[in-house]
Amino acid sequence: MSIEIRNVTKRFGSFTALDNVSLDVPTGQLVALLGPSGSGKTTLLRAIAGLDPPDHGEIRDHGADVTRLGTRDRNVGFVFQHFALFPHLDVFENIAFALRVRKRPNAEVQERVRELVALIQLEGMEHRRPAELSGGQRQRVALARALAAKPRVLLLDEPFSALDARVRHGLRRWLRKLHDELGTTCVFVTHDQEEAFELADSVVIFHAGRVAQLGSPAEVFQTPANAFVADFLGGTNKLAGQVARGQFHAGGQTWPQRLPDGPATAFLRHGDIELTAERPTDRPALAVRVTRVRSNGPRTQAELRTLLDNLLLMAELAQDRPLAVGTELWATPRKLHVFTDVPGEPGRGEMEEPVTWGEFI
Ligand code: ADP
Ligand code: MG
């Protein structure tokens with residue numbers, strides 16, 4: 001195991017930024033820390049970097065306790081969101097910086113920097129200043145600089161978020177390829193779900209200083225552990241209802257459910273709705289009217305209203321047949337994730353609940 005975080009808590013005054021966080025980063029993996037702004041991602045990354053030690057808990061690196069070690073004594077490299085290159089140094093000297101600080105012999109510096117310049121594909125630009133580079137090129141230099149001293153762990157805090165979409169997508173693929181080639185363990189912070197899911201071997205979802213869920217992108221997507229994750233991943237409809245005696249009741253239908261009795265909310269993905277003209281005989285379905293149709297390329301987005309209580313449902317369909325506004329159809333959920341409501345907060349499942357999702361097919 002590369003990095004082990006055990007029960008880490010960090011407070012700023014009376015505010016708890018990290019609340020008893022535990023997680024492992026396996027050697028050679030790329031792990032994404034994903035969560036809304038203010039959920040504690042940067043605070044955890046800074047603790048791993050040795051920039052800001054936690055108040056409680058332990059951080060281990062390849063088995064050794066590094067909780068109180070400073071950055072200099074850790075084998076980590078980092079890249080931050082804002083270009084932190086030295087403006088007065090050229091590309092070569094920016095990349096060489098960590099080696100110069102470590103007083104490496106000049107021949108070694110020359111060779112290592114040449115290697116890294118080739119890796120980031122900036123040959124011929126060694127003597128440019130950061131101001132003479134594009135944003136994407138600057139972040140590649142920042143990455144080469146972080147890699148110069150051959151860190152065992154690379155920490156990246158939203159490194160591409162200041163770049164425009166096209167450059168960001170290109171750099172994302174490039175980073176994944178680089179990671180696969182070098183095998184360096186990476187911890188990558190992002191608030192962008194698509195970025196996390198495209199890049200990472202595993203994803204840690206943060207919510208208010210706690211780990212809301214940890215798993216592979218597929219696990220997190222297919223089986224959200226709580227209402228926060230289901231909601232955060234987006235693209236879902238919410239159905240407010242009640243659980244009673246092993247059944248979830250909503251929209252005039254019932255679905256089998258293992259949750260305790262009480263108010264609950266079901267999350268239904270836009271892509272998990274089947275639309276048919278005939279009422280299915282084997283599964284609960286909602287009678288709906290098509291109120292709006294929007295087509296973007298290969299997918300069709302349909303806005304539906306349930307006939308019984310005028311509930312809004314969004315459905316995403318493969319564009320295999322035309323849908324006319326006004327048509328009445330049956331909407332069958334393929335998969336429903338149901339979570340008990342927190343009192344007074346419908347649609348906000350308990351974080352402490354283990355896995356309370358209910359599934360039926
Ligand atoms: P994220 O990176 O997920 O957006 P951060 O880890 O930066 O979140 O911050 C988590 C919370 O801790 C935020 O509410 C932020 O305002 C607070 N925080 C972070 N650093 C400090 C600090 N040095 N002093 C006071 N509050 C801080
Ligand atoms: Mg941050």
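A residue counts as being around a molecule here if one of its heavy atoms lies within 4 Å of it. The structure is a predicted model, and what follows looks at its ligand and then at its pockets.

Going by that cut-off, the neighbours of ligand 1 are Phe12, Phe15, Ala17, Pro36, Ser37, Gly38, Ser39, Gly40, Lys41, Thr42 and Thr43. Sorted by class, this shell comes out as six polar residues, four nonpolar ones and a single charged one. Two secondary structure elements, β2 (15-25) and α1 (41-49), put at least two residues each into the shell. Of the contributions, that of α1 is the largest share, with three residues.

Some of these neighbours meet the ligand through their backbone. In Gly38, a polar backbone atom sits 2.6 Å from an oxygen atom of ligand 1. For Gly40, the distance from a polar backbone atom to an oxygen atom of the ligand is 3.0 Å, and for Ser39 a backbone N or O atom is 3.1 Å from a ligand oxygen. So how much of ligand 1 does the protein cover? On its own, ligand 1 has 560 Å² of accessible area, and the protein covers 58% of that.

Next come the pockets. The largest pocket holds about 560 Å³ of space. Its lining is made up of 24 residues, and those nearest the centre are Val76, Gly77, Phe78, Ala98 and Arg102. Which elements give two or more residues to this lining? They are the strand β6 (76-79) and the helices α2 (91-101) and α4 (135-147). As for class, the lining of the largest pocket has 14 nonpolar residues, along with five polar and five charged ones.

The second largest pocket has about 190 Å³ of space. Around it are Gln193, Phe221, Gln222, Leu233, Gly234, Gly235, Arg269, His270, Gly271, Asp272 and Lys335. In this lining, six residues are polar, three are charged and two are nonpolar. Where do these residues come from, in terms of domains? Both domain 1 (3-222) and domain 2 (228-350) take part, each providing at least three residues of the lining.

Methods:
Residues numbered from 1 in each chain as written. Chains lettered and ligands numbered in written order. Predicted model: local features only at pLDDT ≥ 70, side-chain atom pairs only at ≥ 80, totals over all residues. Heavy atoms only, no water. Polar contact = N/O pair within 3.5 Å; in protein donor to acceptor, adjacent residues only side chain to side chain. Areas by Shrake-Rupley, 256 points an atom, 1.4 Å probe, with all protein chains shown as cover. Helix = DSSP H or I, 4+ residues; strand = E, 2+ residues; numbered from the N terminus. Nonpolar A, V, L, I, M, F, W, Y, C, P; charged D, E, K, R; others polar. 1 Å grid on protein atoms, 1.4 Å probe; cavity = no way out; pocket = protein on both sides within 12 Å on 5 of 7 lines; lining within 4 Å. Points joined across faces, edges and corners; volume = space filled by probe spheres on them. Domains from an automatic or database assignment.
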